[in-house]
Amino acid sequence: MKGLHRWGRLAAVIATAAVSVMPLAACGAATASDGRVTIEWWGYEQGQQEQADAFNRSQDRIHVVYHRQATNTKAEESLVNAVKAGQNVPDLFEANMESTISLLADGTIQDIAPYKPDLANLNPNAVESFTVANRLAAIPFKFSPQFIIANQRTFDEHGVKVPSTWDEYISAAEQLKAVDPKIKIMNLAGEDPTMLVVLAQQFGAHWYSVKDDSWVIDINGAETRKAMGYLQRIVDESLFSQKTFIEWDALMQFFQSGDLATILTSTWQLSAYQSNFQKSLGDWKAYDWPRESAASPLVSPLNVQGYALPKGARHPQEALDFALWLATNDRAARIAASPTTGNGTFPAMKDASAYIADSLPDKLLQDKTGAEQVVKDSIESATPYSTGVNWSGMYKQLQDQWAKFLNKQVTGDEMLDYLQRWTVNDLKTKGINVRET
């Protein structure tokens, strides 16, 4: 197991991967009687079957068979089991950002870089989010820069200005609480620490990076502590609600009640909000993600999704050709971007401005033209998303600590110090070279 998990000698690992992977692309893939290569694709997004159908109609070299998975978690569990068993492995797999680098590290998915895919039409920040030590874990297709939607009615009725910086954000929360204690500035679910992850990245934190032959872990560094300072104030002053995503109907009722002032979100979530916010359609307005200060440039956190090649994929080159089509083809992008046929998915293209309007629902937001500019600003100011070799295990620890933090059982700094120690010790136990900043 030590040899499987060790990323210490990165150059040697990359060289080995290049030797072992490239012949697969060179070998001829088995073809059906009609001359087409059949590949199997696992995903879980709305509209993917329609994308597969459109691709199959567009050419006669590759035939895609799509199998929709129940959830991203179930899909990953099934993939890990299939790769371990060496049976029923798909050719292409929709990878969740949080665990993609971990799957690459443990050999569940392949390094794509040796295939030399044409990435010229993809957003560089999205590609960087899937790159570590010159290894490419996935072809990005979904680009989810962050912004906020504010319940404009709630702000206007109470005479509070929608904030543009994090200090203003907390001040607005305090003002709203003073006039009506039921009103909360944001919702922080106990099972979902995403807010800490993206806020830390906004402030420039890199929890995982690679230097020479080691992973560098910096979870409790200055940038993350700065982000945590704002969250600590929100928790200390009880300026947030703690509604779980598990109780979806109750969550949607609260979100549209007027007692939640802002939602930190992205395009792919908006269609679900429009479907569920019957009482507040048109009350919401899009705004830029809050800045560090009025003088600071806009920096928007980013989350991405991609398509990965599993170990044991039968037709890797054809799968990559299809993945690049999904990521860059206009028809594929419009299917995914639509809030009705797709999931409001914003494409990870280098120039995706043509898809902004289609990614926004028609009834949820005031000033749709203004919302399009907010999305454009978010794309242009996005910072790459970074994970690491044992991210999945670390994230489970983070979820546990996050719930304690929201319930005031630990402080933010105590949580960060614990996560730093746990992550470093876990890597050392696995025999992986690690250092701290």
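Student: Why is asparagine 134 called exposed?

Tutor: The relative accessible area of asparagine 134 is 65%, and since exposed means over 50%, that residue is called exposed in this predicted model.

Student: Where along the chain is asparagine 134 found, and what can be said about its phi?

Tutor: Asparagine 134 sits in the loop between strand E4 (131-132) and strand E5 (135-136), and its phi is positive, about 70 degrees, although the residue is not a glycine.

Student: What makes lysine 408 count as partly exposed?

Tutor: Lysine 408 has a relative accessibility of 48%, and because partly exposed covers the values between under 20% and over 50%, lysine 408 belongs in that class. Lysine 408 lies in the loop between helix H16 (391-406) and helix H17 (412-429), and it too is a residue other than glycine with a positive phi, here near 60 degrees.

Student: Why is glutamine 269 called buried?

Tutor: Its relative accessible area is 18%, and buried means under 20%, so glutamine 269 is called buried. This residue is part of helix H12 (residues 267-276).

Student: How do you know that the side chains of glutamine 269 and threonine 265 are joined by a polar contact?

Tutor: The distance given for that pair is 2.6 Å, and a polar contact requires N or O atoms within 3.5 Å, so the distance meets the cut-off. A polar atom of the glutamine 269 side chain also lies 3.0 Å from the backbone nitrogen of serine 266.

Student: Why is aspartate 358 called partly exposed?

Tutor: With a relative accessible area of 33%, aspartate 358 is neither under 20% nor over 50%, and is therefore called partly exposed. Its place is the loop between helix H14 (330-337) and helix H15 (368-380).

Student: Which residues does aspartate 358 touch, leaving aside its neighbours within four places in sequence?

Tutor: Aspartate 358 is in contact with Arg334, Ala337, Ser338 and Pro339. With arginine 334 there is a polar contact between the two side chains at 2.7 Å, a distance that lies within the 3.5 Å cut-off. Arginine 314, by contrast, is 44 residues from aspartate 358 in sequence and 35 Å away in space, C-alpha to C-alpha.

Student: Which residues of helix H3 (residues 48-58) are buried, and what covers them?

Tutor: In H3, the residues Gln48, Gln51, Ala52, Ala54, Phe55 and Asn56 are buried. The elements covering them include strand E1 (37-43), strand E2 (62-68), strand E3 (92-95) and strand E14 (302-308), together with helix H13 (316-328) and H14.

Note on methods
Residues are numbered from 1 along each chain as its sequence is written. This is a predicted model: local features need pLDDT of at least 70, side-chain atom pairs count only at pLDDT 80 or more; totals for chains, interfaces and linings use all residues. Side-chain values use heavy atoms; hydrogens and water are left out. Helices (H or I, at least four residues) and strands (E, at least two) are DSSP runs, numbered from the N terminus. Buried means under 20% relative accessible area, exposed over 50%, partly exposed in between (1.4 Å probe, protein chains only). Contact means heavy atoms within 4.5 Å. A polar contact is a pair of N or O atoms within 3.5 Å; within protein, one must be able to donate a hydrogen and the other to accept it, and residues adjacent in sequence count only if both atoms are side-chain atoms.
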